[in-house]
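Okay, thanks everyone for coming. Let me pull the structure up on the screen, and then I'll talk you through a few places in it.

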Amino acid sequence: MIQMLLNALLLALRAIRRNLMRSFLTVLGVVIGVAAVITMVTLGNGATRMVSDQISSLGSNLLILRPGQQLGPGRDSAGAANFKLADVEAIQTQVPALKAVAPVVGSKVTLVAGNQNWQSQVNGTSNAYFVAGNWQIASGRQFEDDEEAAGKAVCIIGATVKKQLFPRGSPIGDELRVKNFTCEIIGVLQGKGQGAMGQDQDDVVLMPIRTAQRRLTGNVNDVSTLMLSLRDGVAADPVMEQIRKLMRERRKLSENADDDFHVMDTKQIAETLSGTIRTMTGLLGAVAAVSLLVGGIGIMNIMLVSVTERTREIGIRLAIGALEHEVLLQFLIEAVVLSALGGLVGIALALFVCLGLTALMSMPFLFNPGINLLAFVFSGLIGIVFGYMPARRAARLDPIVALRFE
Amino acid sequence: MTEGPLISLRAITKTYGQGAAAFQALKGVDLDIPRGQFVAIMGPSGSGKSTALNILGCLDGPTSGAFRFKNIAVEGLTRNQRALLRRHYLGFVFQGFNLLSRTSAQENVELPLLYRGAETAQRHAAAREALAQVGLTGWEHHTPAELSGGQQQRVAIARAIVTRPLVLLADEPTGNLDSQRGHEIMDLLVSLNREQDITIIMVTHEPEMAHYADRVVKFVDGLVASDELKERA
């Protein structure tokens, strides 16, 4: 039995070698199909991982409270009043499930250091920002209480700002000109890289909220965003509801008025986003699978042509004493070997394409052995399914008719 | 087991088609061929000589009658059983050579051994030896396209004898060759017949080729019309 299979394999390999060009064209469909399936799934996995990584880099269990309705069709975010510092205090004292509450005001301004200048996001906030935003201080220190209380001109710069303005040496103690005032650099943040929306999270300067209110926004009481960090193991939904009730009350909204603020759960956003990407991946993978199937039909096509074209050859084999199942096996193995080789080439192609594309899109490359194996097995199966009919046709030929075939 | 003739046909008929369109190619043929004989089958086209060769070569079964080969009742065998008979006892040579294209002479000759499941080394050696017997040493790696008609027919003969068959069936083996190559092929067949005791059954329409045989059987209209045994020279 094994001897017979080996023989059939040998015969199949010889037949493939004899028609190298046609063999290659035959399996092109399978090559492309397998490569497409693997590429789609690998890129999809990479994208999912990238998004969830980026969102978790925002901060663990982070809620974001903003004025205005959440953006969406028919929603209105204009005209909603900012929060007040008193709101921050109220949330801090009345929602015990929160680990940190960081008020944020900010704007995009020009920074100058020496003869360099750079546009960057400048945020006024408190030390709670480091907890809520999951930031580490690379060098230097956090704000001190008196700096926060008095609104002193001190700042902590992000990794990108340091790279742009202070490429050499430590900037700690140096002066940074922010819009129209000068502040002292007291710390540098650890880099986090690209954010979920593709923005550079490290392109940021932090200063005490009072400093920013007084010197940047001019509004000494307004807070545009609150970053809220949940305690570990606390469910987000009841806390969000509690915050919502509290804010409706404080903003004096009547019973039937819509919220003029919204709370976002970053974890939920991450799940929604990666859910969407997974759906897209599945969809694209399904489309790619259809192309794999079409590739299989291509194999059947060419194998049928090949049986007709090689009728004489089959006649010779039968005359020499080949048994029906040996001819069947030869053609079946030929189809399986062809499509499995096509599968291997497709896997190699997918590897190259994925490496190239993930590098291009600065995405993690997650090699998924499961999908590679699946695609390979599937390509082999395609050989069996689509090779069987032509093989049976070959095996049932009448040797006399086949030998006379011109 | 009684020592009968190697091949024995009794009242063999072969009908193609059915009903009104039926055509009876053989109408009751009796023929005995002992081992080691070189038989030429002649006859006008449509006389049934090719049909007879197909039946003798176990490529086709008779419609009725008894065909014993090595005392095996071939008429009752299945398609696969007949294939096994061909594999183990028969070799074929055709008018159109029927070699696998784009395949070296060596690989063409090895083909029947592949179906026998021979070891690689043994296969190579046997194929080289068969090619040497037909005078093609040094041409092992040429493909049919690179060989002359006579050489191609020699490769085909090597492929037929590489399994050391009992019977070699040749269908117009010189039909596609010029007269000189034809005579060379006939000399080769005769020497195989004499030296290796291979029974040869050859269909031909050329009397000068039939002249090489020990016995000439003429078919006319589906029946044996004459059966002529000659003294070996």
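I'll go from chain A to the interface, then to some helices and loops in chain B.

One caveat before anything else: this is a predicted model, so please hear everything that follows in that light.

Chain A first, quickly. It's divided into two domains: domain 1 covers 2-54 plus 271-404, and domain 2 covers 81-259. If you take the centres over C-alpha atoms, domain 1 of chain A and domain 2 of chain A are 56 Å apart.

Now, the interface. How many residues of chain B are in contact with chain A? It's 21 on the chain B side, touching 21 residues of chain A. On the side of chain B that touches chain A, the elements giving two or more residues are α2, residues 79-89, and α3. The largest share is from α2(B), with six residues. By class, that side of chain B splits into ten nonpolar, five polar and six charged residues.

Let's stay with α3(B), residues 105-116. Is that helix mostly covered or mostly open? Mostly covered: ten of its twelve residues are buried. Among them are Q106(B), E110(B), L113(B), L114(B) and Y115(B). And what do the buried residues pack against? From chain A, you've got α1 (2-18), α10 (311-320) and α11 (324-360). From chain B itself, there's α2, α4 (120-133) and α5. Right after the helix comes G117(B), with a positive phi near 75 degrees.

One of those partners deserves a closer look, and that's α5(B), residues 149-161. As a general point, a pair of packed helices is described by the distance between the axes and the angle between them. Here the axes of α3(B) and α5(B) come within 7 Å, and they cross at roughly 30 degrees. With angles under 35 degrees counted as roughly parallel, that crossing makes α3(B) roughly parallel to α5(B). The crossing of the two, α3(B) and α5(B), is right-handed. Who makes the contact? On α3(B) it's A105(B), N108(B), V109(B), L111(B) and P112(B), and on α5(B) it's V155(B), A158(B) and R159(B). In class terms, this contact of α3(B) with α5(B) has six nonpolar residues, one polar and one charged.

Next up, α1(B), residues 49-56. Seven of its eight residues are buried, so this helix is largely enclosed by the rest of the structure. The buried ones are K49(B), T51(B), A52(B), L53(B), N54(B), I55(B) and L56(B), so yes, there's a lysine on that list.

Last topic: backbone oddities. Most residues other than glycine have a negative phi. Just after α1(B), though, C58(B) takes a positive phi of about 60 degrees. It's in the loop between α1 and β4 (64-69) of chain B. D197(B) isn't a glycine either, and its phi is positive too, about 60 degrees. That one lies in the loop between α6 (179-196) and β8 (199-203) of chain B.

So which is buried and which is exposed? The cut-offs are 20 or more neighbours for buried and 12 or fewer for exposed. C58(B) has 27 C-beta neighbours inside 10 Å, so it counts as buried. D197(B) has 10 inside 10 Å, so D197(B) counts as exposed.

That's all from me, so over to you for questions.

Technical notes:
Residues are numbered from 1 along each chain as its sequence is written. Chains are lettered from A and ligands numbered from 1 in the order in which they are written. This is a predicted model: local features need pLDDT of at least 70, side-chain atom pairs count only at pLDDT 80 or more; totals for chains, interfaces and linings use all residues. Domain bounds come from an automatic or database domain assignment. Axes are lines fitted to C-alpha atoms, for helices over the stretch in contact, and angles run from 0 to 180 degrees between N-to-C directions. Helices (H or I, at least four residues) and strands (E, at least two) are DSSP runs, numbered from the N terminus. Angles under 35 degrees count as roughly parallel, over 145 as roughly antiparallel, 65 to 115 as roughly perpendicular and the rest as oblique. A crossing is left-handed if the near helix is turned anticlockwise from the far one by less than a right angle, and right-handed if clockwise. Two residues are in contact if their C-beta atoms, placed from the backbone, lie within 7 Å. Ala, Val, Leu, Ile, Met, Phe, Trp, Tyr, Cys and Pro count as nonpolar, Asp, Glu, Lys and Arg as charged, and the others, Gly among them, as polar.
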